[in-house]
Amino acid sequence: MLDWLKSPILTFQEFVTLAGRASLNVFRRPFYGQDLFLQMDTIGVGSLPITVLIGFFSGVIMALQMSRALSQYGATGQVGQITAITLVRELGPVLTALLIAGRNASGIASELGSMKVTEQIDAMRALGTDPVKKLVTPRLLAMCVTLPLLTIIADFVGIVGAYIVAVPLLRLTTGSQYWNNAWRSLEYNDIAQGLLKPLLFAIIIALVGCLYGMRTSGGTQGVGRATTQAVVVASVWIFIITALITRIFVNL
Amino acid sequence: MAGHEAKERNCILKFEEVSLQFDQEAPVLDKVSFEIWSGETRIILGAAGAGKTVMMKIALGLLNTTSGRVSVMGQDVTNFNERQWYAVRSHIGVLFQEGGLFDSLTIEENVAYPLLNQARFMNDGQKPTLDTVRPNVQEALNFVELGSTLSKFPSELSGGMRRRVGIARGSVADPDLFLYDSPTAGLDPITANTIITLLIKDREVRNTTAAIITHRFQDGHLLANFRYNPEKDRLERLPADSPLRERTKFMVMKEGRLVFEGAEAELDASLDPYISKFSMHPAKPVHPEKPMHPEKNVS
């Protein structure tokens, strides 16, 4: 029983240590500004097209599904409210985070993993730079900045997508009623959890990617294993965190 | 003799009963003690998994010991934390097994890396830039005869060239100790000899103290018996009574233990079957039916 628990607890300890070191480094010189902007470009700008696409289609699908359910109750006018709340609270943050976990947690883990197995991480330490500072901190910061922004974009594009289905295509409601409903239904509570979630997801994705990358061992095969594990672990934690946060906010 | 002025004899690297063990497994290093003095060339031989690379990583502070003491340049570094180690490491040059070059950076940026990132090259808190260090980078690359590859990426170079860039990166900051991890592993004999020639040249020009991990006994033989002649730009054999012969010492590792330490003649004279595997003229040939024919010519 103890042996069985040992490995996950050790991993968690490593995660906390890495999180601590990476965040302390935010305030310590030297700063690697160039690496930060490079990562923000890869994670943020690089993920923009796919985020827009996924956001748009989740809005479209939601409006389509809701059109049937709502017409049973004669409440098709509420479609704006339903899409806005669902997207901002839950679907926007979770879908974007899962997407970024698949795209960037794997990218980070495989990049750092390859560096580990070719002794580049050791070389970095031997040549006088802290790999946590040079590699982990810029990725963590870039993720924390870009994931909430990407989520906001996904939310907005999703609401636009739902509008296109609901108003010009299916004529469920009028344009002004749709936007009015969508806008007025959102409370501070919804916005708060809609922005807190991506921030926490960003920390999870960046650190899990870095952690599994930096502890890679066993050559090329190890890199593949680290990448897979990073995506799986990050995705699982995204769902656990979203459940916890939702539980807290529902009671507020 | 170039660069061999009577430099003060300092102990550069000292291991005292150093052991390393993970969990309940067999120790990776078992009470290893040795000293490397300034100006010395230390050849570290041993089978794969004998603990040679681990020893190097301990000397660099990349791994912690389980017990024993380590001193670098007269400083006890056994309980140093990562931040204290950075100061120590900036005086040690290192070549990793596969070169360890950063493949996202160009050759120039790779070689400039120690100069741009080590605290001791900070100029009044001002970080040096790639432009200010370019002359040093060019010089280091010229030394390894790769002066025209500045803007290339490591993936565009051959294995031997990458190893040479690694040497340039290790020596650019003029280290007091240079650790080479298998500089010739996986290279053809001709390229391997070019690398060893560079090591000898580096030793002659800068009087570097070096520890060289290898499993090719030819490497040790070359380092022990040859010197670099800058006028003729080639290696020449040292006379039999040359005091320079004494600066090359050999060490043999077996399963985490240090089983031999001494000069080449003693290594050749050893009757131990494991140790004589690494000597040029085994006292008792390992394969009597297949006598070894090491290459005679170097250049």
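## Working through chain B

Strand E3 (residues 41-46) of chain B is mostly covered, with six of its six residues buried. Keep in mind that this is a predicted model.

**Exercise 1. Sort the residues of E3(B) by the way they point, and decide whether they are buried or exposed.**

Step one: pick out one face. Thr41(B), Ile43(B) and Leu45(B) point one way from the strand.

Step two: take the other face. Arg42(B), Ile44(B) and Gly46(B) point the other way.

Step three: check the cover. Residues on both faces are buried, and here that takes 20 or more other C-beta atoms within 10 Å of a residue's own. For background, 43% of the 299 residues of chain B count as buried.

**Exercise 2. Find the strands that pair with E3(B), and give the sense of each pairing.**

Start with strand E8 (residues 209-213) of chain B: E3(B) pairs with it in the parallel sense, over four bridges. To see this on screen, look at Thr41(B), which sits opposite Ala210(B) of E8(B).

Next comes strand E11 (residues 248-254) of chain B, which runs parallel to E3(B) and is joined to it by six bridges. Here Ile43(B) has Phe250(B) as its bridge partner.

**Exercise 3. Place E3(B) in its sheet, then find the edge strands and a helix that packs on the sheet.**

First, write down the order: E6-E7-E8-E3-E11-E12 of chain B, an open sheet of six strands with mixed pairing. Read along it and E3(B) comes between E8 and E11.

Second, go to the ends. Strand E6 (92-95) and strand E12 (257-262) of chain B are the edge strands, each pairing on one side only. From one strand to the next, the twist averages 15 degrees.

Third, follow the E7-E8 pair. Strand E7 (residues 177-181) of chain B runs parallel to E8(B), with five bridges between them. Asp181(B) is found opposite Ile213(B) in E8(B).

Last, add the helix. Helix H7 (residues 217-225) of chain B packs on this sheet and touches E3, E8 and E11 of chain B. The direction of H7(B) makes about 165 degrees with that of E3(B).

**Exercise 4. Turn to the sheet of four strands in chain B: what is its order, and why do E2 and E5 have one side without a neighbour?**

Order to begin with: E2-E1-E4-E5 of chain B, an open sheet with antiparallel pairing.

Now the edges. Strand E2 (29-37) and strand E5 (75-76) of chain B each have a single partner strand, so one side of each has no neighbour in the sheet.

Then zoom in on one pairing. Strand E1 (residues 11-20) of chain B and E2(B) are antiparallel and share six bridges. Within this pair, Cys11(B) stands opposite Trp37(B).

Finish with helix H1 (residues 52-59) of chain B, which packs on the sheet and touches E1, E2 and strand E4 (67-72) of chain B. The angle between the directions of H1(B) and E1(B) is about 120 degrees.

**Exercise 5. Take stock of chain B as a whole, and locate the stretches with pLDDT below 50.**

Contents: nine helices and twelve strands. Of the contacts with a separation of 6 or more, 63% are between residues 24 or more positions apart.

Confidence: chain B has a mean pLDDT of 82, and 89% of its residues reach 70 or more. The pLDDT is below 50 over residues 1-7 of chain B, a stretch with eleven contacts beyond near neighbours in sequence. It is also below 50 over residues 288-299 of chain B, where there are ten such contacts.

For the complex, the predictor gives an ipTM of 0.80 and a pTM of 0.85.

Notes:
Residues numbered from 1 in each chain as written. Chains lettered and ligands numbered in written order. Predicted model: local features only at pLDDT ≥ 70, side-chain atom pairs only at ≥ 80, totals over all residues. Buried ≥ 20, exposed ≤ 12 C-beta atoms within 10 Å, placed from the backbone. Helix = DSSP H or I, 4+ residues; strand = E, 2+ residues; numbered from the N terminus. Pairing = 2+ DSSP bridges. pLDDT = per-residue confidence, 0-100. Contact = placed C-beta atoms within 7 Å. Axes fitted to C-alpha atoms, helices over the stretch in contact; angles between N-to-C directions.
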